[in-house]
Amino acid sequence: MLRILGKRAGALPGRDLTAHVLRASRLTHMHDEHVDLDEIREFADHEDIATTLVYVRRRDDGANRAAHAAAAHSCNAWAGAAGGG
């Protein structure tokens, strides 16, 4: 279902929208909102902070941040047009 919705929304061209993508998005958005790393680690149920840092470091890359923002905007625009937001 997520893959179908993602394709219809035009989100993540060349990739499937999956539960893991949504989880990773939530973790990186928490980082963007300046949530403490230990809180993000707890939310993700990571035993080791190094696992959490993988998500944070990936998001800290400026090019990735811009791509994620564009994909999120695309999803939000589609959800609004479909009556979901």
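In this predicted model, helix H3, residues 37-44, has three buried residues: Ile40, Arg41 and Ala44. Around the helix axis they span an arc of only 100 degrees, which places them on the same side of H3. An α-helix has 3.6 residues a turn, so residues three or four places apart point the same way. The face of H3 turned away from this buried side carries Glu42 and Phe43, both exposed.

The ends of H3 come next. At its start, a side-chain oxygen of aspartate 36 comes within 3.0 Å of the backbone nitrogen of aspartate 38. After H3 comes aspartate 45, with a positive phi near 60 degrees; this residue is not a glycine. Aspartate 45 belongs to the loop between H3 and H4 and is exposed, its relative accessible area being 68%. Another positive phi in a residue other than glycine, near 65 degrees, is that of histidine 34. Histidine 34 sits in the loop between H2 and H3, and with a relative accessible area of 73% it is exposed.

Histidine 46 is also a loop residue, placed between H3 and helix H4 (49-60). Is it buried or exposed? Its relative accessibility is 9%, so histidine 46 counts as buried, the cut-off being under 20%. Its side chain makes a polar contact of 3.3 Å with the side chain of arginine 23, and another of 2.7 Å with that of threonine 52. Apart from neighbours within four places in sequence, histidine 46 is in contact with Arg23, Leu27, Arg41, Thr51, Thr52 and Tyr55.

Arginine 41, one of those contacts, lies in helix H3. With a relative accessibility of 18%, arginine 41 counts as buried. Beyond the four nearest places in sequence, arginine 41 touches His46, Glu47, Asp48, Ile49 and Thr52. Thr52 is thus in contact with arginine 41 and also with histidine 46.

The other two buried residues of H3, Ile40 and Ala44, lead to the nonpolar core. In soluble globular proteins, nonpolar side chains tend to be buried together. Here the largest nonpolar core has six residues: Ala24, Leu27, Met30, Ile40, Ala44 and Tyr55. Helix H2 (19-32) and H3 are the elements that give two or more residues to this core, and H2 supplies the largest share, three residues. Leu27 and Tyr55 of the core are also among the contacts of histidine 46.

Methionine 30, another core residue, touches Val35, Glu39, Ile40 and Phe43 when residues up to four places away in sequence are not counted. Its contacts therefore include Ile40, from the buried residues of H3, as well as Phe43, from the face turned away. Phenylalanine 43 has a further neighbour in arginine 26, which lies over the face of the ring at 6.0 Å from the ring centre. As for pairs between aromatic rings, the count is zero.

The chain as a whole has five helices and zero strands, and from the N terminus its elements run α-α-α-α-α. It has 85 residues, of which 25% count as buried. Among contacts with a separation of 6 or more, 34% join residues 24 or more positions apart.

Conventions. Residues numbered from 1 in each chain as written. Predicted model: local features only at pLDDT ≥ 70, side-chain atom pairs only at ≥ 80, totals over all residues. Heavy atoms only, no water. Buried < 20%, exposed > 50% of the residue type's maximum accessible area, 1.4 Å probe, protein only. Helix = DSSP H or I, 4+ residues; strand = E, 2+ residues; numbered from the N terminus. Arc of directions from axis to C-beta. Polar contact = N/O pair within 3.5 Å; in protein donor to acceptor, adjacent residues only side chain to side chain. Contact = heavy atoms within 4.5 Å. Core = buried A, V, L, I, M, F, W, Y, C linked by side-chain atoms within 4.5 Å. Phe/Tyr/Trp six-rings, centres within 6.5 Å; stacked < 30°, edge-to-face > 60°. Lys NZ or Arg CZ within 6 Å of the ring centre and 35° of its normal.
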